[in-house]
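This briefing covers strand pairing, one helix and some overall totals. The structure is shown first, and the notes follow by topic.

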Amino acid sequence: MEYVYHYTSAEGLKGILESKSLWATNTEYLNDFREIKEGIDKIKLLREEFSEFSQEKFEEIYAKRKGIPSKDIKSKLQNADIDSANMFLASFWNTLDENLLGDIYTVSFTTERDSLNHWLTYGSEQTSYCIKFNKDKFHDNEYFIRHKFLIDYADVVYEPTKEMLNLLIEKYLPEVLDCRLDESLDKNELNGKLGKLVIAAFNDIAFEVASIKNKTFMYEKEFRFTLYSPGFVVMNDEPKVDYFDFIECSYIDFIELKNGEKEFFPLKYRTLKSGIIAPYRAVPFPKNSIEEIIIGPSENNELAVKGLKSLLSSLNFNVEVSSTQTSFRRI
């Protein structure tokens, strides 16, 4: 059984429990001011290398991903197929140009339970709380299926490699070729399949970018929930299409209609400790995924325990309540 922990203030905990949702904050408002920019700088370096492939390069990638000797696939690949692959790459970069990677929302967790570093960094000057989530219950397969392309959970990467990002783009090119070689597909069906591959590749990159953080934060041992969807999909020279009009989205939960338009995880606002107003999106979570709430360093521990238990009872949460084992106090 694996667990992750979310440190928050009393106000934050109350809001999370009452709304039964986590607050995914826009990454521009996180404590690392280089958040996302680290990853964007990395992906921009790949653009020249991954704008267009030669016949030989595509054969090499296809052979590697499919486990086929290069000499056996030369006759299978034609220039038209290479053109399709390069059109896919062009669509990927066009979609990247049309969408702002700054519009990414995250919830931060850690694998560290009852950590003094986290109490000091993410707690308040008064009483703070640490929510223990069961990782398996928190993001089950059904939840992922209902939100395909839109959410991701991953460990934060503090020392990314160029190869990690290379592989994300390369892994979709053989699928592009397989679609191109499927003679049963008409033009619209082919464009539809290629468009979904563009989305998958783009979102993989967006999630990877969102998981990259400066290595000076390595002590946090962060596990991250990321929420993102492209605003527009761009296929070759065709007009750009709104993401939710492009895919079948009737199975996706938590899309609300606002003034006749689809809104994904509606935008809300909260006040940070600094007094800055930050945008966030409320993301529902399975109620049974919370197994324990730890009360941090407090001068009024007994009262804090009593108040928390009363709140949990009123909201029908069956959760263990415990107190920090650290001996820290503010004097």
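Strand β2 (residues 21-26) runs antiparallel to β3, and the two pair over two bridges. The model is a predicted one. Strand β3 also pairs with strand β6 (residues 222-227), again in the antiparallel sense.

**Strand β3 and its partners**

- β3 spans residues 105-110, and five of its six residues are buried, which leaves the strand mostly covered.
- On the β2 side, Asn 26 has Tyr 105 of β3 as its bridge partner.
- On the β6 side, Tyr 105 has Leu 227 as its bridge partner.
- Tyr 105 is thus named in a bridge with Asn 26 and in a bridge with Leu 227.
- The pairing of β3 with β6 extends over six bridges, while that of β2 with β3 extends over two.
- In a regular strand, side chains alternate between the two faces of the sheet.

**Helix α2**

- Helix α2 covers residues 37-44, and its buried residues are Glu 38, Gly 39 and Ile 43.
- These buried residues line one face of the helix, because they fall within an arc of 125 degrees when α2 is viewed down its axis.

**Whole protein**

- The secondary structure consists of 12 helices and 14 strands.
- The protein has 331 residues, of which 48% count as buried.
- Among contacts with a separation of 6 or more, 80% join residues 24 or more positions apart.
- The exposed area is about 17,200 Å², and carbon and sulfur atoms supply 49% of that area.

Definitions and conventions: Residues are numbered from 1 along each chain as its sequence is written. This is a predicted model: local features need pLDDT of at least 70, side-chain atom pairs count only at pLDDT 80 or more; totals for chains, interfaces and linings use all residues. Side-chain values use heavy atoms; hydrogens and water are left out. Helices (H or I, at least four residues) and strands (E, at least two) are DSSP runs, numbered from the N terminus. Buried means under 20% relative accessible area, exposed over 50%, partly exposed in between (1.4 Å probe, protein chains only). Contact means heavy atoms within 4.5 Å. Accessible areas come from the Shrake-Rupley method with a 1.4 Å probe; for residues, only the protein chains shown count as cover. The arc is that of the directions from the helix axis to the C-beta atoms. Two strands pair if DSSP finds at least two bridges between them.
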